[in-house]
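Here is a short tour of one protein chain. Keep the sequence and the 3D view side by side as you read.

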Amino acid sequence: MRLGVLDVGSNTVHLLVVDAHPGACPLPAHSHKAELRLAELLDADGAIGPGGTDQVIQVVHGALQAAEDKGVEELLPFATSAVRDARNAGEVLERVRAETGVDLQVLTGAEEARLTFLAARRWFGWSAGKLLVVDIGGGSLEIAFGIDEEPDAVVSLPLGAGRLTGTWLPGDPPAPDDVRALRRHVRAEIGRTVGEFSRLGPPDHVVATSKTFKQLARIAGAARSTEGPYVPRELKHQSLEGWVSRLSGMTTAECAALPGVSESRAGQLVAGALVAEAAMDLFGVESLEICPWALREGVILRRLDHMGPA
């Protein structure tokens with residue numbers, strides 16, 4: 001069947017259309033994206049204002065049209081941290097439901113981590129052993145660890161690249177004092193969680209998902225996206241350390257000129273790099289591999305599991 005996953009995230013609203021059936025690898029058929037930067041639409045009280053909700057409804061309508069055009073039989077709509085953390089999330093969800101007919105399911109941070117872990121486990125297989133999976137989104141950071149398809153430990157922290165950029169790094173380029181303050185904050189937040197994972201022993205394989213990690217790996221020398229998803233892509237801690245200091249002194253325009261960095265995400269790259277470096281350092285990770293699958297694929301795989309065998 002043809003499934004559509006509608007992901008209302010902190011940076012984008014992304015419709016992924018796949019051809020799938022139980023027991024088979026989901027095959028991407030179409031991708032429809034709209035930049036929304038929902039995390040930046042929150043007002044001083046942490047609510048999404050009427051104008052922001054209007055934008056959400058508009059892009060959801062566009063995604064629905066794209067899903068219809070591509071013959072989607074079933075739509076799996078969900079929202080992540082930007083909607084989850086909004087003070088008026090219930091009102092926003094009700095307006096979206098009333099005006100589009102889409103019932104957005106708000107995932108908890110733990111659910112995000114578990115579904116992303118499932119996607120990574122299916123991609124790398126059982127031979128990868130104990131997996132440590134790290135995902136940096138626009139609004140939150142998810143970390144999961146385990147040997148099965150269900151992780152043994154998960155954590156979700158408000159350390160998304162978009163959220164941190166808007167709150168901590170107002171300058172372009174960011175002020176050195178702001179960068180240092182954010183570095184301390186990020187490391188303190190992640191440091192509190194390390195013990196929960198350390199007691200489970202060292203991972204056999206460390207992987208990362210998300211646009212942030214893909215961009216950092218690319219500027220550190222990983223293969224281009226045009227070379228396909230099956231080319232191994234690695235990010236070394238030593239390379240990342242060198243890039244963090246360089247990125248901290250660069251403007252958004254200079255970051256956007258780097259290989260593999262999208263103009264829309266360039267302004268978030270410094271914050272994302274600080275989070276990535278802190279996670280690798282505090283968890284003692286010298287190198288990690290980029291996983292092409294992430295949360296959206298995890299949602300699809302879970303749905304296929306519930307369908308049973310063909």
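How many nonpolar, polar and charged residues are in the lining of the largest cavity? The lining has nine nonpolar, no polar and no charged residues. Here Ala, Val, Leu, Ile, Met, Phe, Trp, Tyr, Cys and Pro count as nonpolar, Asp, Glu, Lys and Arg as charged, and the others, Gly among them, as polar.

This is a predicted model, in which local features need pLDDT of at least 70, side-chain atom pairs count only at pLDDT 80 or more, and totals for chains, interfaces and linings use all residues. Residues are numbered from 1 along each chain as its sequence is written, and side-chain values use heavy atoms, with hydrogens and water left out.

## Empty space

Rolling a probe the size of a water molecule over the atoms shows where empty space is left. The search uses a 1 Å grid over the protein atoms alone. A cavity is a set of points where a 1.4 Å probe fits but cannot get out. A pocket is an open set with protein on both sides within 12 Å along at least five of seven lines. Lining residues have an atom within 4 Å of a point. Grid points are joined across faces, edges and corners, and a volume is the space filled by probe spheres set on the points.

The count comes to one cavity of 30 Å³ or more. The largest cavity has a volume of about 40 Å³. Its lining is made up of Leu132, Val134, Val206, Phe213, Ala279, Met280, Phe283, Val285 and Leu288. Strand E6 (131-136) and helix H11 (269-282) each give two or more residues to this lining. Helices (H or I, at least four residues) and strands (E, at least two) are DSSP runs, numbered from the N terminus.

Now turn to the second largest pocket. Its volume is about 300 Å³. It is lined by 14 residues, and the closest to its centre are Gln105, Leu107, Leu115, Val299 and Arg302. Strand E4 (74-79), helix H4 (109-124) and helix H12 (295-307) each supply two or more lining residues. By class, this lining holds seven nonpolar, two polar and five charged residues.

## An open sheet

Five strands form an open sheet in the order E3-E2-E1-E4-E5, with mixed pairing. Two strands pair if DSSP finds at least two bridges between them. Strand E3 (27-35) and strand E5 (105-106) are the edge strands, and each pairs on one side only. Strand E2 (residues 12-19) and E3 run antiparallel, joined by eight bridges. Val17 stands opposite His30 in E3.

## Salt bridges

A salt bridge is a side-chain nitrogen of Lys or Arg within 4 Å of a carboxyl oxygen of Asp or Glu. The count comes to 18 salt bridges. Three of them are listed here.

| Pair | Closest N to O | Accessibility of the acid | Accessibility of the Arg |
|---|---|---|---|
| Asp54 and Arg95 | 2.7 Å | Asp54, 38% | Arg95, 26% |
| Glu112 and Arg84 | 2.8 Å | Glu112, 6% | Arg84, 24% |
| Asp85 and Arg163 | 2.4 Å | Asp85, 41% | Arg163, 26% |

Buried means under 20% relative accessible area, exposed over 50%, and partly exposed in between (1.4 Å probe, protein chains only). Glu112 counts as buried, whereas its partner Arg84 is partly exposed.

Where do these pairs sit? Asp54 is in helix H1 (residues 50-69) and Arg95 in helix H3 (residues 89-100), 41 residues apart. Arg84 lies in helix H2 (residues 81-84) and Glu112 in helix H4, so this pair ties together parts 28 residues apart in sequence. Asp85 is in the loop between H2 and H3, and Arg163 in helix H5 (residues 161-168), 78 residues apart. Salt bridges that share partners also join Arg122, Glu149, Arg302 and Asp305 into one network.

## Two buried residues

Val207 is in strand E9 (residues 205-209). At 0% relative accessibility, Val207 counts as buried. Contact means heavy atoms within 4.5 Å. Leaving aside neighbours within four places in sequence, Val207 is in contact with Ala120, Phe124, Leu131, Leu132, Val133, Val134, Glu289 and Cys291. Val207 and Leu288 are 81 residues apart in sequence, yet 5.1 Å apart in space, C-alpha to C-alpha.

Gln215 lies in helix H8 (residues 211-219). Gln215 is buried too, at 2% relative accessibility. Beyond its neighbours within four places in sequence, Gln215 is in contact with Gly260, Val261, Ser262, Arg265 and Leu269.
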